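Here is a walk through the inside of this protein, from its helices to its cores and its empty spaces. Have the 3D view open as you read.

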Amino acid sequence: MTTKKSNDNSFFGHPGGLQTLFFTEMWERMSYYGMRALLVLFMTASMQEEGLAFTVASATAIYGLYTGAVYFMGLPGGWIADRLIGSQRAVWYGGIIIMCGHIVLAIPSHSTFFIGLILVVLGTGLLKPNISAMVGGLYSDNDARRDGGFTIYYMGINLGSLIGYAVCGWLAPNMGYHWAFGAAAVGMAIGLVQYKVTQGRLAGNGDEPATDLTPRIHKLGWSGIVLFLLVLIGVTTATTMGVLIIDPVSLAQDVAIAFTVIFLIYFFGIFFMGNLSEAEKKRMGALFLICIASACFWAGFEQAGSSLNLFGRDYTDRMIGAFSIPPAWFQSANSFFIIILSPFFAALWVNLGKRMMDPSYGAKCAIGLIIMASGFIVMFFAAQLAASGLKVAPYWLITTYFLHTVGELCLSPVALSAVSKLSPKRFAGQMMGVFVLTYSIGNVIAGLLAGNFNPDRLETMPDLYMQITLFSIAIGIVVLLLSLKTRHWEALADKKHEEEPHPVSQQG
């Protein structure tokens with residue numbers, strides 16, 4: 001990857017390229033979250049409401065597969081950019097594919113629905129990991145602006161999601177779901193136009209592949225992509241024509257197992273065959289604990305787009321005077337709370353560190369998991385009211401989203417920081433990819449859990465929320481207790497890391 005560093009500070013004291021990436025990501029997230037907020041609502045809506053009339057179990061399983069696949073496809077998407085086309089082209093082509101996916105979803109035809117979803121997944125897999133990598137590429141390693149740049153970039157993500165929830169969330173109940181999907185396509189188109197117009201500000205960042213491949217490997221790479229696409233087209237065509245019948249719930253169960261097996265094989269492959277020192281193995285042990293907490297956290301947190309989304313539509317009193325709150329607007333609470341609370345948590349960790357009271361990585365993740373679980377205690381009582389036949393007030397959902405956001409701020413940025421610090425340096429990129437698999441695992445499991453919420457058996461809903469609560473708290477307590485040990489591992493590993501020479505990597 002060719003990266004030209006300069007003293008450019010044209011965007012609020014940061015490189016001008018950050019403006020390009022900020023607005024590209026903002027509009028891409030507008031399209032992604034705007035559509036995602038409607039997905040389960042659209043699939044479970046009746047035919048008269050322009051929906052697909054799927055069962056809750058099928059709709060939430062498809063939702064879990066979709067969101068899990070988005071994260072999973074970031075792995076090959078990063079490889080394609082690093083080895084074949086460079087990050088700039090990956091972002092450009094990825095955005096075009098995403099826009100085409102939303103256009104297909106905007107077509108009022110049920111037969112093309114899954115084609116649109118698949119296109120969005122493929123495009124996001126190309127765009128998302130590579131645009132984040134280019135943000136880092138704007139700064140040299142010792143540039144003090146780096147953390148601030150990522151903070152600004154993160155704000156773009158949340159601004160985009162707020163716009164998506166507001167625009168698409170309003171359009172769906174007032175103009176129709178396909179108008180909302182069309183708005184997502186327009187949002188991505190705006191992002192693409194400004195990306196192309198301001199692309200010169202990237203100053204060569206990501207314009208070439210980071211790794212030079214031999215002609216043979218290069219050809220094999222493209223051949224593999226073509227083969228994958230041909231198989232995908234064949235399966236999609238057969239499914240659309242009714243030749244191949246796929247049960248989404250069974251598929252989601254199989255995919256969850258497959259993602260977990262891939263994660264375990266890759267993680268312990270590096271652990272046992274990566275020629276690691278004792279210090280590095282201790283770090284990996286601490287990191288494994290964080291990965292468990294991450295997968296369990298997202299399995300609960302991602303109820304936002306599925307079971308909590310349906311709860312907002314069907315069991316929440318959304319009337320304010322003569323105005324009906326669009327169901328998707330409740331999900332914007334997460335983005336709003338992140339924007340408000342992020343500076344507080346950043347200052348909290350700094351101040352705790354100054355007082356030598358900073359919790360370990362594992363402890364922070366466990367606390368985040370337990371706080372997220374407490375949100376489902378709120379939903380337990382809300383579900384009891386709903387099961388009695390009452391419409392519940394909006395503040396039940398808002399309180400749940402607040403607690404989930406607090407949990408996210410305790411876990412998500414901390415876990416990413418832990419991966420970068422605890423991973424063996426020569427496996428850092430691969431370990432980040434392995435860690436992202438915990439997002440995929442959590443999202444698919446979230447879809448399966450949400451499928452247990454049967455609208456015909458409301459009396460079971462409180463117990464289901466309580467089961468998620470108890471399971472998450474139990475995992476959180478186990479991780480918290482084990483973190484008392486791994487905290488010493490982290491400290492000992494830091495000391496040995498300085499004393500021991502690194503073994504020669506056997507990685508090819």
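Contact, in what follows, means heavy atoms within 4.5 Å. Helices are DSSP runs (H or I, at least four residues), numbered from the N terminus. Buried means under 20% relative accessible area, with a 1.4 Å probe and protein chains only. This is a predicted model, where local features need pLDDT of at least 70, side-chain atom pairs count only at pLDDT 80 or more, and totals for chains, interfaces and linings use all residues. Residues are numbered from 1 along each chain as its sequence is written, and side-chain values use heavy atoms, with hydrogens and water left out.

**Helices α8 and α3**

Let's start with α8, which runs over residues 215-240. The expected span of a helix is 1.5 Å times one less than its number of residues, so the 26 residues of α8 should cover 38 Å, and its end C-alpha atoms, 37 Å apart, agree with that. Its buried residues are Gly 221, Ile 225, Thr 236 and Ala 238. Among the elements covering them are α3 (74-85) and α5 (113-137). Just past α8, Gly 242 has a positive phi of about 85 degrees.

Now turn to α3. Its buried residues are Gly 74, Gly 77, Gly 78, Ile 80, Ala 81, Leu 84 and Ile 85. The cover over these includes α2, α4 (87-106), α5 and α8. Right after α3 comes Gly 86, with a positive phi of about 85 degrees.

**Two buried spots**

Thr 60 sits in helix α2 (residues 56-72) and is buried, at a relative accessible area of 0%. What does the side chain of Thr 60 reach? It reaches the backbone oxygen of Gly 447, at 3.1 Å. Setting aside neighbours within four places in sequence, Thr 60 is in contact with Val 40, Ser 306, Gly 447, Ala 450 and Gly 451.

Gly 34, in helix α1 (residues 16-44), is buried too, with a relative accessible area of 1%. Gly 34 and Trp 329 are 295 residues apart in sequence, yet 9.8 Å apart in space, C-alpha to C-alpha.

**Nonpolar cores**

A nonpolar core is a set of buried Ala, Val, Leu, Ile, Met, Phe, Trp, Tyr and Cys residues joined through side-chain atoms within 4.5 Å. Here are two of them.

| Core | Size | Residues include |
|---|---|---|
| Largest | 74 residues | Phe 267, Ile 290, Met 431 |
| Second, separate | 58 residues | Val 70, Leu 122, Val 135, Leu 192 |

Helix α14 (residues 395-422) gives the most to the largest core, with 13 residues. Met 461 is among the residues with the most contacts inside that core; beyond four places in sequence, Met 461 touches Phe 311, Tyr 315, Ala 383, Ala 386 and Phe 453.

**Empty space**

On a 1 Å grid over the protein atoms alone, a cavity is a set of points where a 1.4 Å probe fits but cannot get out, while a pocket is an open set with protein on both sides within 12 Å along at least five of seven lines; lining residues have an atom within 4 Å of a point. Grid points are joined across faces, edges and corners, and a volume is the space filled by probe spheres set on the points.

The second largest pocket holds about 1,000 Å³. Of its 29 lining residues, Leu 65, Ile 118, Leu 232, Ile 246 and Leu 251 lie nearest its centre. Helix α8 comes back here, giving the largest share of that lining, seven residues.

Notes: Buried < 20%, exposed > 50% of the residue type's maximum accessible area, 1.4 Å probe, protein only. Polar contact = N/O pair within 3.5 Å; in protein donor to acceptor, adjacent residues only side chain to side chain.
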